[in-house]
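Work through the exercises below with the model open. Each task is followed by a solution in steps.

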Amino acid sequence: GQHKIKFIPEMVGPILEMTLIPETELRKATIPIFFDMMQCEFHSTRSFQMFENEIITKLDHEVEGGRGDEQYKVLFDKILLEHCRKHKYLAKSGETFVKLVVRLMERLLDYRTIMHDENKENRMSCTVNVL
């Protein structure tokens, strides 16, 4: 109900951790919670800035900690885009947000992979991309 907004941004991290568990059906069932959070904050403040900032910060931390994979990135993109495109007011800003997070995930996953590479030039290039 109207109390959902009280869970943003505090519940973003724990829900993100749950969606990152490498179980496809769990991911499909829990990623839509992010759209609900976006929608809830948008209806309350006309933006979803708190949610956006929190998920980007937490995602960085989680991927650095070894969580997340290509399948997650694809599901996140597909599920959230599908929800955003159906929403009258979140279609454009939601799509922009999803694309931003997907690009960030790509860079973070690349960075995590390349950190074990002996080639310092590759690591520096990947670091610049993340920044």
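**Exercise 1: one helix and its buried face**

Task: in this predicted model, find which residues of helix 1 are buried, and say why they line one face.

Solution. Step 1: take helix 1, residues 12-19. Buried means under 20% relative accessible area. Val12, Gly13, Ile15, Leu16 and Thr19 are buried.

Step 2: look down the axis of helix 1. The buried residues fall within an arc of 165 degrees, so they line one face of the helix. The general rule: an α-helix has 3.6 residues a turn, so residues three or four places apart point the same way.

Step 3: identify the partners. The buried residues of helix 1 pack against helix 2 (24-30), helix 3 (32-45), helix 4 (49-64) and helix 5 (70-86).

**Exercise 2: the core**

Task: describe the largest nonpolar core and say which elements give two or more residues to this core.

Solution. Step 1: count. The core has 33 residues. Ile31, Phe34, Phe51, Tyr72, Phe76, Leu80 and Phe97 have the most contacts inside it.

Step 2: assign elements. Helices 1, 3, 4, 5 and 6 (91-114) each give two or more residues. Helix 6 supplies the largest share, eight residues.

Step 3: zoom in on Ile31. Leaving aside residues up to four places away in sequence, Ile31 touches Thr19, Tyr72, Leu75, Phe76, Ile79 and Leu80.

**Exercise 3: the whole chain**

Task: how many helices and strands does the chain have, and what share of its residues is buried?

Solution. Step 1: the chain has seven helices and zero strands.

Step 2: of its 131 residues, 37% count as buried.

Step 3: among contacts with a separation of 6 or more, 64% join residues 24 or more positions apart.

Terms used. Residues are numbered from 1 along each chain as its sequence is written. This is a predicted model: local features need pLDDT of at least 70, side-chain atom pairs count only at pLDDT 80 or more; totals for chains, interfaces and linings use all residues. Side-chain values use heavy atoms; hydrogens and water are left out. Buried means under 20% relative accessible area, exposed over 50%, partly exposed in between (1.4 Å probe, protein chains only). Helices (H or I, at least four residues) and strands (E, at least two) are DSSP runs, numbered from the N terminus. The arc is that of the directions from the helix axis to the C-beta atoms. Contact means heavy atoms within 4.5 Å. A nonpolar core is a set of buried Ala, Val, Leu, Ile, Met, Phe, Trp, Tyr and Cys residues joined through side-chain atoms within 4.5 Å.
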